[in-house]
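Reader: I've got a model open and I'd like to talk it through with you. Can we go over it together?

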Amino acid sequence: MASSTTWLEKSAADVDAINVFPVPDGDTGTNMLLTMRSALEEAYRAPDSSASAVAGAMAYGALMGARGNSGVILSQVFKGVARGLQGKESFCCTDLACALRHATEDAYKSLARPVEGTMLTVMRDAADAAARAASSGGVDVIAVLAAVVDAARDSVARTPTLLPALREAGVVDAGGQGLFVVFEGALHHLRGEVDELQYRKPALVPSAVPLAPKVVQVSAEKEEPYGYCTEFIVEGQRLKPDKVKVYLDKKGQSLVVVGDESAVRVHIHTLDPGGVLHYAASLGTLHQIKVQNMDDQHKDFIQVQRERTDAADIAIVAVALGDGFTEVFRSLGVTSVVPGGQTMNPSVRDILKAVEGVSADKVLVLPNNKNVVQTARQVPALTSKKACVVPTHTLPQGLAALLSFNFELGLEQNARGMEEAAGAVRTVEVTRAVRSTKVDGISVRRGQAIGIVDDELLVAGGKVHEVLQEALVKAGIGSAELVTLYYGADTRAADAEATVKELAAAYPQVEFEVVSGGQPHYYYIVSVE
């Protein structure tokens, strides 16, 4: 189980990245990892080294540390294993098969409405494989676990055939993938495959049906917008988990109720967390209460994305200026941000230091400024790491490149794809001229507002918002789908919002977003997609 936890840790970010159903929590891998860690910590506190004691301790640790739907279901897997091994000093292949059958039963019972094509299906298929292998005779625990791993892999691959939403999203089930990784990590350990555990990482299971990977916005049709993810443990006497489940079934969705007469853990998505907690408080004492808005859960996922683990294959270094832009880049998974850009170009040493400072041996560099591209290109020859520079000339290009990053692709493939994505974005920048000049036939006076489109000065004179509007016309706003305005340190939020309202009225077919970029010198930096 320690090896399983280590193996899952290497895969957590990948599992997070494919979690698009039923709600955009995006933290399945992280939740399962935290649950595993809690189970493992408790295992070391077991009163003795018998299979029964250790399994019981892990079940308790998993329940107390369970996070989210996937974590709670995983805790029930451990509960079932402990039930199957109860009273046993050690176990054989038949005992293992029995324990996995109990694990399946407890996992299914934990959900008010079990759904196939999820980690439940993977658990059941794995348990069935264990039973077949154990009954064939002449096998040991390793052979049974090998059958479990093979069955889990095949089951994960089939999940898109059972859940249309997975097929549409172009992914396999995230929880099922996580469970497969847990089994696989244990098998590597029992086989003594030390190099595999140390130097490699789990692979995502490919789908058994052709998929067209794409970015998916999970819509209300997938699940009604119950706004608060509510979790807690209630401790008391003579508690009845089944009765609690029946009562809460109509209070929300994604209901999970697990536990026994003394402690019950609840996970529910509800519009009325206060009512749910009031009911729970009437049953006993509440612990580990967590009430979180679904939008906040998505932000938590973004947080996990940006805090990449040491096991990450590829790190991303980006150059950015402004607190807002820095936060946006970090939120989208950038490992290290080098301060710099217009008027403050970073040195080769600055970028090299950032590349050397990340834990990964493969690094993508986003210069995000035409004056920084060549500087960044000096770095790959100076580091022992494998580094690629994606020649982004503007911050919006850098963001577009970052959004196209694919966890399943290698360094060079990602670099090519990100460069292509960056080229599909037009950038508008509005600032003031620092001197009088004439550029491409346009006369500019010092102090005038000027509009720059893709590094080309096209507009001069007038008020800032007028220059912005004219520059946007030249950038093709009429045929755009999405326009994002990042306002600078010298622009008031109220002015930026008023400008967006004016633009939205003029271009009702375009979706507008306004973000605090915090950049100096530039009133607006705009992405036109």
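Author: Sure, and one term up front: helices (H or I, at least four residues) and strands (E, at least two) are DSSP runs, numbered from the N terminus. Keep in mind that this is a predicted model.

Reader: Good. Let's start with loops: which loop holds Asn-368?

Author: Asn-368 caught my eye through its phi, which is positive at about 60° although the residue is not a glycine. Most residues other than glycine have a negative phi. As for its place, Asn-368 sits in the loop between strand 7 (362–366) and helix 16 (373–377).

Reader: And is Asn-368 buried or exposed?

Author: The cut-off for buried is under 20% relative accessible area. Asn-368 has 4% relative accessibility, so it counts as buried.

Reader: Arg-238 has a positive phi too. Is it buried or exposed?

Author: Phi of Arg-238 is near 50°, and the residue lies in the loop between strand 1 (228–235) and helix 11 (241–248). The cut-off for exposed is over 50%. At 67% relative accessibility, Arg-238 is therefore exposed.

Reader: On to sheets. In the one ordered 2-3-1-4, which strands stand at the edges?

Author: That is an open sheet of 4 strands with antiparallel pairing. An edge strand here has a single partner strand, so one side of it is left without a neighbour in the sheet. That describes strand 2 (253–259) and strand 4.

Reader: Which residue does Val-257 stand opposite?

Author: Strand 2 and strand 3 (residues 263–270) pair in the antiparallel sense over 5 bridges. Opposite Val-257, in strand 3, stands Val-266.

Reader: How about the sheet of 6 strands: which are its edge strands?

Author: This open sheet runs in the order 13-12-9-16-14-15, and its pairing is mixed. The edge strands each pair on one side only, and they are strand 13 (456–460) and strand 15 (511–516).

Reader: What is the bridge partner of Ile-450 in strand 13?

Author: Strand 12 (residues 449–453) and strand 13 run antiparallel, with 4 bridges joining them. In strand 13, the partner of Ile-450 is Ala-460.

Reader: Now the surface. Which residues form a nonpolar patch there?

Author: One member of the patch lies in strand 4 (residues 285–293), namely Val-291. Val-291 is partly exposed, at 39% relative accessible area. The patch has about 250 Å² of accessible area together, and its members are Tyr-228, Ile-289 and Val-291.

Reader: How many disulfides does the structure hold?

Author: A disulfide needs two cysteine sulfur atoms within 2.5 Å. Take Cys-98: its closest cysteine sulfur, in Cys-92, is 9.7 Å away, too far for a bond. The count of disulfides is 0.

Reader: Salt bridges, then. How many residues apart in sequence are the parts that Arg-37 and Glu-9 tie together?

Author: The closest N and O atoms of Arg-37 and Glu-9 are 3.0 Å apart, and the two form a salt bridge. Arg-37 is in helix 2 (residues 28–43) and Glu-9 in helix 1 (residues 2–17), so the pair links parts whose separation in sequence is 28 residues.

Reader: Arg-153 also forms a salt bridge, with Glu-184. Is Glu-184 buried or exposed?

Author: Arg-153 lies in helix 7 (residues 141–162) and Glu-184 in helix 9 (residues 174–190). Arg-153 is partly exposed at 30% relative accessibility. Glu-184 has 12% relative accessibility, so it counts as buried.

How values were computed:
Residues numbered from 1 in each chain as written. Predicted model: local features only at pLDDT ≥ 70, side-chain atom pairs only at ≥ 80, totals over all residues. Heavy atoms only, no water. Patch = residues over 30% accessible without salt bridge, like charges linked within 9 Å, V, L, I, M, F, W, Y side chains within 5 Å. Areas by Shrake-Rupley, 256 points an atom, 1.4 Å probe, with all protein chains shown as cover. Salt bridge = Lys/Arg side-chain N within 4 Å of Asp/Glu carboxyl O. Buried < 20%, exposed > 50% of the residue type's maximum accessible area, 1.4 Å probe, protein only. Pairing = 2+ DSSP bridges.
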